[in-house]
Structures are given as structure tokens and as C-alpha cells.
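The following paragraphs lead the reader through a single protein chain. Please keep the sequence and the model in view while reading.

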Amino acid sequence: GESASNDEAIKNSQKVSLARYREASAQVFKVIESIVDRVERASIDECFIDVTRLANIRMSSRNRSNQACALGSETALLLPANTVVIGDAVDPGSVHDQLLCEAASISSEIRSAVWRNCSFSCSAGIATNKLLAKFASAENKPNMQTVCPHSAVTSLLDRVPLRRLRGCGGKLGDAVEALGAV
């Protein structure tokens, strides 16, 4: 009767407590920050991690003369499991793609540590900048990581609606779409 409807009204008017999510987020970020030092929080469950310095250190410590980074090549430095490459190829002769492969290994280590310590899976995007990394991350959820080599940037951006670009939503997005760009 009346008591049940009052209880429902109270339940519907109360805010959801985010305490559990904030606590879990703090645990995950603690694990990430124990591995890398350049972490930028984007939200309660999203961050950007700059592993450039660490990837460069790892690259310089390896003998790269005969090693390549590719999917499935027996003589290559293999990408970690659960890694997808947009365009299915990286250029072993490209220092930029070699750096992305190192970053993919670091990302895999971070994701494994988060799973081991917090029991949370996470997806990741590995690219030359935050915008591309964010879009790449969305490509293969959940629990996968996606590498966007330089050769695949156009392919990735072709799949992203213009409205998803920061600053291109709302009225500006309406105006741009009205001009025929999507």
C-alpha cells in the first residue's frame, strides 16, 4: 500500500553512493602508479598513461638489429596476448612502431597487475597521442588492447563519428553534420 509507495519514492529520490567505485578506482590507480609515474586521470575509471620514457629505455636496452615487432612472426618480437593491431600490421623498420610495441608490452604488464591485484579487467589503446589512444581503446572492449600504428590513423579516424571528437558535439556538431560531414 502506501508504505510501499513511500519506500519507492524515497529510493528513487536518493543518490547512488559512489563510495565503492571510488574505493575500487583508488586501488586500481595505486597499482598503475606503482608501475608508471605519468598517469593522468580522466574519470573514475579511465586514465591516460604516458609510457614513452619507459618504452624508450626498454628499446635502447634491447639489441634491435634483427628483431621486429609483428603478429605471429617466429623471428619477431611478438605483441602481447589480447593485443589487436589496427590494420593488422606494424612496420618493423619504423622506430615509432617499435616504440608502440614496447608500449603494448608495458600496457599488458599494467593490465595484468590490475587483474592480479584488483580482479578488474581493463582495455587499453596504444597510440602516439591521447585522442588516438582513447579511440583505439574503444575498438576491442572488454579486456583487450588495441595498437594504432601510424599507418592506421586514417583508418581509425574514419570509423569515429565527428561528434565524438572533443569540442565537436552539441550545436557545433549539429552545424557540421548539416554541412554533410559526419
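**Pockets, cores and overall architecture**

The second largest pocket is lined by E40, A42, E46, F48, K130, L131, K134, F135, R164 and R166. These positions belong to a predicted model. The pocket has a volume of about 250 Å³. Its lining comprises 4 nonpolar and 6 charged residues, with no polar ones. Three elements, β1, β2 and α5, each contribute at least two residues to this lining, and α5 gives the most, with 4 residues.

The largest pocket encloses about 1,400 Å³ of space. Of the 46 residues that line it, C47, F48, I49, S123 and A124 are the closest to its centre. Two or more lining residues come from each of α2, β1 (39–43), β2 (46–49), α3 (52–61), α4, β6 (124–126) and α5 (130–137). Among these contributors, α4 gives the most, with 8 residues. By character, the lining of the largest pocket divides into 25 nonpolar, 11 polar and 10 charged residues. F48 thus appears in the account of both pockets: it is listed in the lining of the second largest, and it is one of the residues closest to the centre of the largest.

Attention may now turn to the interior. The largest nonpolar core holds 20 residues, of which I32, V36, I106, I110, V114, I126 and V147 touch the most other members. Both α2 (19–35) and α4 (95–118) supply at least two residues of this core, and the largest share, 9 residues, comes from α4. The helix α4 therefore has a place in two descriptions, since it also gives the most to the lining of the largest pocket. Within the core, I110 touches I32, I35, V36 and I49, leaving aside residues up to four places away in sequence. Apart from this core lies another, of 11 residues, including L132, A133, L156 and V160.

These parts can be set within the chain as a whole. Its secondary structure comes to 7 helices and 7 strands, and from the N terminus on the elements run α-α-β-β-α-β-β-β-α-β-α-β-α-α. The chain has 182 residues, and 32% of them are buried. Among contacts with a separation of 6 or more, 48% join residues 24 or more positions apart. Finally, the chain exposes about 11,700 Å², of which carbon and sulfur atoms supply 52%.

Note on methods
Residues are numbered from 1 along each chain as its sequence is written. This is a predicted model: local features need pLDDT of at least 70, side-chain atom pairs count only at pLDDT 80 or more; totals for chains, interfaces and linings use all residues. Side-chain values use heavy atoms; hydrogens and water are left out. A nonpolar core is a set of buried Ala, Val, Leu, Ile, Met, Phe, Trp, Tyr and Cys residues joined through side-chain atoms within 4.5 Å. Buried means under 20% relative accessible area, exposed over 50%, partly exposed in between (1.4 Å probe, protein chains only). Contact means heavy atoms within 4.5 Å. Accessible areas come from the Shrake-Rupley method with a 1.4 Å probe; for residues, only the protein chains shown count as cover. On a 1 Å grid over the protein atoms alone, a cavity is a set of points where a 1.4 Å probe fits but cannot get out, and a pocket is an open set with protein on both sides within 12 Å along at least five of seven lines; lining residues have an atom within 4 Å of a point. Grid points are joined across faces, edges and corners, and a volume is the space filled by probe spheres set on the points. Ala, Val, Leu, Ile, Met, Phe, Trp, Tyr, Cys and Pro count as nonpolar, Asp, Glu, Lys and Arg as charged, and the others, Gly among them, as polar.
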